[in-house]
Amino acid sequence: MIHKIGVLTSGGDAPGMNCAIRAVVRAGLRYGLEVYGVVNGYKGLVEGQIIKMDRSSVSDIVNRGGTILQTARLREFKDESVRQIAVNNLKKLGIEALVVIGGDGSYMGAKKLTEMGINCVGLPGTIDNDIASTDYTIGFDTCQNTIVECVDKIRDTTESHQRCAIIEVMGNHCGDLALFTGLAEGAEMIITPDHPIPEEDIIAQLKKLHDADKKRAVVIISEKIYQDIHAFAAKIQEETGFETKAEVLGRIQRGGSPSAFDRVLAARMGAYAVDCLLDGKGGICIGMVNNKIVAYDIYEALQLPRDKHASMLRLIDILNA
Ligand code: ATP
């Protein structure tokens with residue numbers, strides 16, 4: 001039986017992380033555990049930035065974006081000697097188990113800490129939806145809504161000026177944000193790592209639209225496909241005659257009050273993570289698959305194929321072409 005658990009957020013922040021922290025703290029206290037918050041992810045764990053949490057520590061945070069525990073990246077956490085410092089800090093306080101809210105990198109840290117005697121459970125907190133062991137990650141829904149709101153606004157001015165808009169969205173090698181928002185927007189083209197379109201085909205298609213007197217075009221493209229999206233927009237304009245502007249939405253996509261979907265997802269997953277720790281489990285990550293909350297071994301989760309929403313590509317061919 002465990003008595004003390006910790007919770008931390010790691011990697012990039014995501015709306016809904018606060019709801020997950022709240023769920024872990026409230027569920028832990030409800031089961032009679034002492035709950036500690038680690039500030040600044042694994043960096044804070046190594047530096048001993050660990051604070052005791054009570055009910056009021058997580059009051060009034062469900063609607064807040066970001067993470068009250070703050071987050072960080074610490075490359076050195078891959079070294080066992082650095083992780084040993086973290087383990088020692090936890091042991092000094094008697095903390096026996098940890099909930100880690102973050103992406104796949106954070107999951108690796110959680111698995112390795114488990115192998116060193118601290119049971120860890122990972123929660124998928126990332127806007128990118130790039131974790132295969134869950135249909136949706138915490139933060140993805142809010143992020144896609146933010147993108148849709150931004151693209152709606154860009155569409156207005158794009159249509160008024162009869163332009164083409166090339167809109168780059170986040171995703172970190174995962175095309176889901178582009179795929180979902182492109183579908184939601186009825187974008188003329190969607191370009192993702194799983195759905196690449198050769199440059200000459202993009203230009204030919206946009207030229208065809210412009211020649212057919214199309215008033216505007218919206219192209220949604222995942223980040224990291226073009227190094228210089230503005231140069232690409234200039235090339236499109238030169239070769240098609242379609243006035244083209246590139247927009248990089250940037251970090252606005254990471255912030256904002258979490259959607260109801262993300263809040264509920266985080267609450268369900270956070271409470272389940274505490275159940276798993278109480279059952280003595282570690283080295284696992286929580287997901288939601290077909291609306292059921294499930295747990296996977298972290299190594300198995302990281303091996304799963306990442307094309308969970310590939311079937312949506314067919315819809316795009318039917319609806320957006
Ligand atoms: P996001 O999806 O937002 O990028 P992430 O959790 O994948 O989130 P990373 O920067 O990859 O973000 O990882 C977060 C932290 O997890 C790293 O800074 C590092 O401290 C730890 N980490 C990453 N990979 C490993 C690993 N192989 N072993 C131990 N710790 C790791």
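This report describes the surroundings of the ligand and then one residue of a helix in a predicted model.

Residues are numbered from 1 along each chain as its sequence is written, and side-chain values use heavy atoms, with hydrogens and water left out. Because the model is predicted, local features need pLDDT of at least 70 and side-chain atom pairs count only at pLDDT 80 or more, while totals for chains, interfaces and linings use all residues.

**The ligand**

The ligand is surrounded by 16 residues, counted when one of their heavy atoms lies within 4 Å of it, and the closest are Gly12, Arg73, Leu74, Gly103 and Ser106. This shell divides into 4 nonpolar, 8 polar and 4 charged residues, with Gly counted among the polar ones. Helix H4 (residues 104–115) gives the most to the shell, with 6 residues; helices are DSSP runs (H or I, at least four residues) numbered from the N terminus.

Backbone atoms of three glycines lie opposite oxygen atoms of the ligand, as the table shows.

| Residue | Distance from its polar backbone atom to a ligand oxygen |
|---|---|
| Gly12 | 2.9 Å |
| Gly103 | 2.9 Å |
| Gly105 | 3.0 Å |

Taken alone the ligand exposes 620 Å², of which the protein buries 86%, with areas from the Shrake-Rupley method and a 1.4 Å probe.

**Thr240**

Thr240 lies in helix H8 (residues 229–240) and counts as buried because its relative accessibility is 5%, where buried means under 20%. The side chain of Thr240 reaches the backbone oxygen of Ile236 at 2.6 Å and the backbone nitrogen of Phe242 at 3.0 Å.

Conventions:
A polar contact is a pair of N or O atoms within 3.5 Å; within protein, one must be able to donate a hydrogen and the other to accept it, and residues adjacent in sequence count only if both atoms are side-chain atoms. Helices (H or I, at least four residues) and strands (E, at least two) are DSSP runs, numbered from the N terminus. Buried means under 20% relative accessible area, exposed over 50%, partly exposed in between (1.4 Å probe, protein chains only).
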